[in-house]
Amino acid sequence: MTRPLLLVVDHDLDALARTEAELARRFGADFRVRGESDSAVALHHLELASERRDPVALVLADPWLPVLGGAELLRSVRTLHPDAARALLVPWGAWADGRTAEAILRGMSLGDIDYYVLQPWTSPDELFCRTVSEFVQVWSRTVANRRREVVVVGAARDPRGHAVRTLLTRNGIPHAYLDRGSAEAVDLLRAIEAPRPDDEDGPLVIWLAALGGRVLLDPTDVEICQAWGIGTDLSMPRGDGGDGARDEVREVDLLVVGAGPAGLAAAVYGSSEGLSVLCVEEHALGGQAGTSSLIRNYLGFSRGVSGAELAQRGFQQAWVFGARFVLTRRVTAIDRTTDADGTSWFVVTVSDVGDVRARAVLLATGVAYRRLGVPSLEALSGSGVYYGANVSEAHGLAGAHTVIVGGGNSAGQAALHLQRYAADVTVVIRTPDLSATMSRYLIDEIEASPTITVVPNADVVDGTGDGWLSEVVVADRTTGERRSIPADGLFVMIGAQPHTAWLPEAVTRDLWGFLPTGADVREAGAWTLERPPCAHETSVPGLFAVGDVRAGSVKRVASAVGEGSVVVSEVHQYLSLVEAASRSRSSEAQADPDG
């Protein structure tokens, strides 16, 4: 296989030589490094690579190339090689030059570039190499091949295959998906002696290459997670050094329901401050944020970070501090019990696992996208119709027609990601424009894209497809006029619906099912204690709520992380009050043993 290309284009021959040499020194063993001083020659080479399907990992371009400028060249790369990273190559101090700064900001706002890279000025230049390595690492996860840690073989448009790709992506498991019947898939299935290697409709096969070549045949989500070593029960390593013995954890200080940004932040801060923490997640790490292809407005990630990557970092951070996780399990009930000594516990029932006792419970269950409620489209759920937009579907829709319903940031991020592969992307919104619901940086990129069309004041009201979606029907909200739009994929991201109906009646909810906390609980007359409720405490003392499920919360990742970290201090406060009350009861009992 042809080695992936790292291409640098710079009309300054001395700077070009330094950059090319630094790339060759660090990456030359695994990548082809090529330098060009002429943008037209570079573009011709990229066009030939596209025709030959040769992989291109990264293109670096001087902003002020003669004839065809750097941003213009990189705009062409976006079409020719959608997976390739694109960056302007600028000298140190160039950000002080208003012209260069404007080129960088404009290129990013239009989606022509991913970021900028500072030219190497010495060798070795570790800052330069680190930046390039980060680009290359992200690119490497987009390449479909059979030399990946996990390889999935299934039908090209299989609902179960979609669900598995989503599970693997959101839990940070590196993988490739091969269409059953393709030459690569047939060769692989024969090599690993999987059943029915030539049957395109055969069962889903997962090859765990990094785990000794183990093969899973039509596994459940639980079996996949267990095979990869992700916790799905309460069995934890005993940690006494060596015999592999495990214990069950049935009592914790804090049980977190949900592993989205808010839940992960609480797990990090709680476990780092000495609390025993158990986090239970029904689906996958990251919540809705875990499906975002690129979050660019989160503090500290100037080039942006995918929701799955952010969730993985949070998970690993919490795990290192000692937090335990149980995934693919659902919390079905919460009750209270009191020990003989007066100690109060929450009793939390986890599906297929049993009961866990916790001194405090944090609800960070987030929200789910509302359903369209259109029977013809509901029948195609998983077969071209998806709620949310997992980035794993983008490659499977190369050259296809895609439709997104929704005008929030998640919808904007999905549109920008899908347009790298799809023939066209149509965004259907109920409002006159995107300004009220979407961040400006996303709107600017969408408006600049030639392949994204926004349809305002409209609803998706129908759709058709023989086993797979083929078209949707859009109705104008003012005139009622209907028109059909070809669609191979429909991604629905409308509204937010909390999953709180399972909670006991004592937990107050607002009209929409969200959980009031703090002063709102007291104002609603739902608080019975003399002390005031903590800011994130629900109507049940010791039961807290953070993130999107909380009434009045700001629906942003940074806000959810902030609430998840702040609430830990409130949990400490609550536990201190409980312990003080317990000591008081104990003292009274000792003073009056007959009482």
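This report describes a parallel sheet, two helices that pack on it, and the surroundings of one serine in a predicted model.

**The sheet**

Five strands form an open sheet in the order 2-1-3-4-5, and their pairing is parallel. Strand 2 (32–36) and strand 5 (115–118) are at the edges with a single partner strand each, so one side of each has no neighbour in the sheet. On average, neighbouring strands of this sheet are turned by 25° against each other, direction ignored. In general, the strands of a sheet pair through backbone hydrogen bonds, in either a parallel or an antiparallel manner. Strand 4 (residues 85–90) runs parallel to strand 5, and four bridges join the two. Within strand 5, Val117 is the bridge partner of Leu89.

**Helices on the sheet**

The table lists two helices together with the strands they meet and one angle for each.

| Helix | Strands | Angle |
|---|---|---|
| Helix 1 (residues 13–27) | lies across strand 1 (5–9), strand 2 and strand 4 | about 180° to strand 2 |
| Helix 4 (residues 98–109) | touches strand 4 and strand 5 | about 175° with strand 4 |

**The surroundings of Ser553**

Ser553 belongs to the loop between strand 28 (543–545) and helix 15 (557–591). Is this residue buried or exposed? Ser553 has a relative accessible area of 9%, which is under the 20% limit, and therefore counts as buried. Apart from neighbours within four places in sequence, Ser553 is in contact with Gly547, Asp548 and Glu563. For Gly547, the backbone oxygen lies 3.0 Å from a polar atom of the Ser553 side chain.

Key
Residues are numbered from 1 along each chain as its sequence is written. This is a predicted model: local features need pLDDT of at least 70, side-chain atom pairs count only at pLDDT 80 or more; totals for chains, interfaces and linings use all residues. Side-chain values use heavy atoms; hydrogens and water are left out. Two strands pair if DSSP finds at least two bridges between them. Axes are lines fitted to C-alpha atoms, for helices over the stretch in contact, and angles run from 0 to 180 degrees between N-to-C directions. Contact means heavy atoms within 4.5 Å. Buried means under 20% relative accessible area, exposed over 50%, partly exposed in between (1.4 Å probe, protein chains only). A polar contact is a pair of N or O atoms within 3.5 Å; within protein, one must be able to donate a hydrogen and the other to accept it, and residues adjacent in sequence count only if both atoms are side-chain atoms.
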